[in-house]
Amino acid sequence: MNQDIAYWLGNSLYLNITNKCSNNCYFCFRHYLRGIAGFYLKLKEEPRPERIIEQLKRKMPMRKWEEVVFCGFGEPTMRLNCLLEVTRWIKRHNPNMKVRLNTNGHGYPLNPGRNVAKELKEVGVDAVSVSLNGHDEETYQHVCKPSFKDAYENVLAFIMEAKRANLEVEVTAVRIPEIDISKIQNLALQLGVKFRARDYIPCFY
Ligand code: SF4
């Protein structure tokens, strides 16, 4: 079975660079699907940057993509250096291509001592969509089951750092019964970032 590292939905080209995640959301498709839209997203091993770039070389010319999105069956900032290297390559070869990171917002605790938002901006990441599946810490813990303490606070801090670094920031939340979408929407408003509610299609946050 082929492992799909670069796959697509509509006019967005997605990169599935890891299957590891610091959350364990109860609704995550990884628990019961092998992929989505006909693509197989279970990785036998994490692809080296060279392999991801090789796939980009083949798939970028296929059509006029609107954006390249780091998003798959895992949290991309678990592989920050790989993400940065691949983004550098994309921007060097396609300076006008939009690059977006879909993230659970755990980039700082996952990469201690790094200025994650600034590093993303410096290599050319344009936008981040931050998944905030909880309107308060208790709900977040219940829904996302993060692997470390203070995860909710860390997500909020990531949102603010990303905004400070001049990244285009969007907070997203899935429509599930535990989550009060309007509270998260208000929180995004207070933080001065966009908000998007998503229907229940996990991992595409
Ligand atoms: S839904 Fe996203 S954040 Fe949650 S466990 Fe799955 S990959 Fe991680």
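**Exercise 1. Decide whether N166 is buried or exposed, and describe its backbone and its place in the chain.**

Solution. With 11 C-beta neighbours inside 10 Å, N166 counts as exposed, since the cut-off for an exposed residue is 12 or fewer such neighbours. These values, like those below, come from a predicted model. The next step is the backbone: phi of N166 is positive, about 70 degrees, although N166 is not a glycine. As for its place, N166 lies in the loop between α6 and β8, the latter covering residues 168-174.

**Exercise 2. Carry out the analysis of Exercise 1 for D150: what is the sign of its phi, and where is the residue found?**

Solution. Begin with the backbone, where phi of D150 is near 60 degrees, a positive value in a residue other than glycine. D150 is found in the loop between α5 (137-144) and α6. Counting neighbours then gives 11 other C-beta atoms within 10 Å, and D150 is therefore exposed.

**Exercise 3. Describe the overall build of the protein, and judge how its radius of gyration stands against the globule rule.**

Solution. The inventory comes first: the protein has seven helices and nine strands. Its radius of gyration is 16 Å, which is close to the 17 Å that the globule rule gives for 205 residues, so the protein is as compact as a globular protein of that length. Taken along the principal axes, the box filled by the C-alpha atoms is roughly 45 × 35 × 30 Å. Of the 205 residues, 40% count as buried. Finally, if one takes the contacts between residues at least 6 apart in sequence, 81% of them join residues at least 24 apart.

**Exercise 4. Test whether the end-to-end distance of α2 agrees with its number of residues, and then find which of its residues are buried.**

Solution. At 1.5 Å a residue, the 14 residues of α2 should span 20 Å, and the end C-alpha atoms are in fact 20 Å apart, which agrees. The buried residues of the helix are L83, V86, T87 and I90. Seen down the axis of α2, these buried residues fall within an arc of 105 degrees, so they line one face of the helix. On the other side of α2, N81, R92 and H93 are exposed. The last step is to ask what the buried residues meet, and here they pack against β2 (12-15), α1 (49-59), β5, β6 and α4.

**Exercise 5. Apply the same reasoning to α4, residues 116-123, and say what follows this helix.**

Solution. In α4, V116, A117 and L120 are buried. They cover an arc of only 100 degrees around the axis, which puts them on the same side of α4. The buried residues of α4 pack against α2 (80-93), β6 (98-103), α3 (107-110) and α6 (151-164). After the helix comes G124, whose phi is positive, near 115 degrees.

**Exercise 6. Trace the strand neighbours of β6, and state how covered this strand is.**

Solution. β6 is mostly covered, five of its six residues being buried. One neighbour is strand β5 (residues 67-70), which pairs with β6 in the parallel sense over four bridges, and within this pairing E67 has K98 of β6 as its bridge partner. To see how the chain links these two strands, note that β5, α2 and β6 make a right-handed β-α-β unit. Another neighbour is strand β7 (residues 127-131), which runs parallel to β6 and is joined to it by four bridges; here L101 stands opposite V128 in β7.

**Exercise 7. Determine how β8 and β9 are arranged, and which residues I184 touches.**

Solution. Strand β9 (residues 194-198) runs parallel to β8, and five bridges join the two, with T172 standing opposite R196 in β9. The chain crosses from β8 through α7 to β9, and this β-α-β crossover is right-handed. I184 has its place in that helix, α7 (residues 181-191). Because I184 has 21 C-beta neighbours inside 10 Å, I184 counts as buried, the cut-off being 20 or more. Leaving aside residues up to four places away in sequence, I184 touches L132, H135, V171, A173, I179 and F195. For the last of these, F195, the C-alpha separation from I184 is 8.1 Å, and the two residues are 11 apart along the chain.

How values were computed: Residues are numbered from 1 along each chain as its sequence is written. This is a predicted model: local features need pLDDT of at least 70, side-chain atom pairs count only at pLDDT 80 or more; totals for chains, interfaces and linings use all residues. The radius of gyration is taken over C-alpha atoms; the globule rule is 2.2 Å times the number of residues to the power 0.38. Two residues are in contact if their C-beta atoms, placed from the backbone, lie within 7 Å. The arc is that of the directions from the helix axis to the C-beta atoms. Two strands pair if DSSP finds at least two bridges between them. A crossover is right-handed if, with the strands pointing away from the viewer, the path from the first strand over the helix to the second runs clockwise. The expected span of a helix is 1.5 Å times one less than its number of residues.
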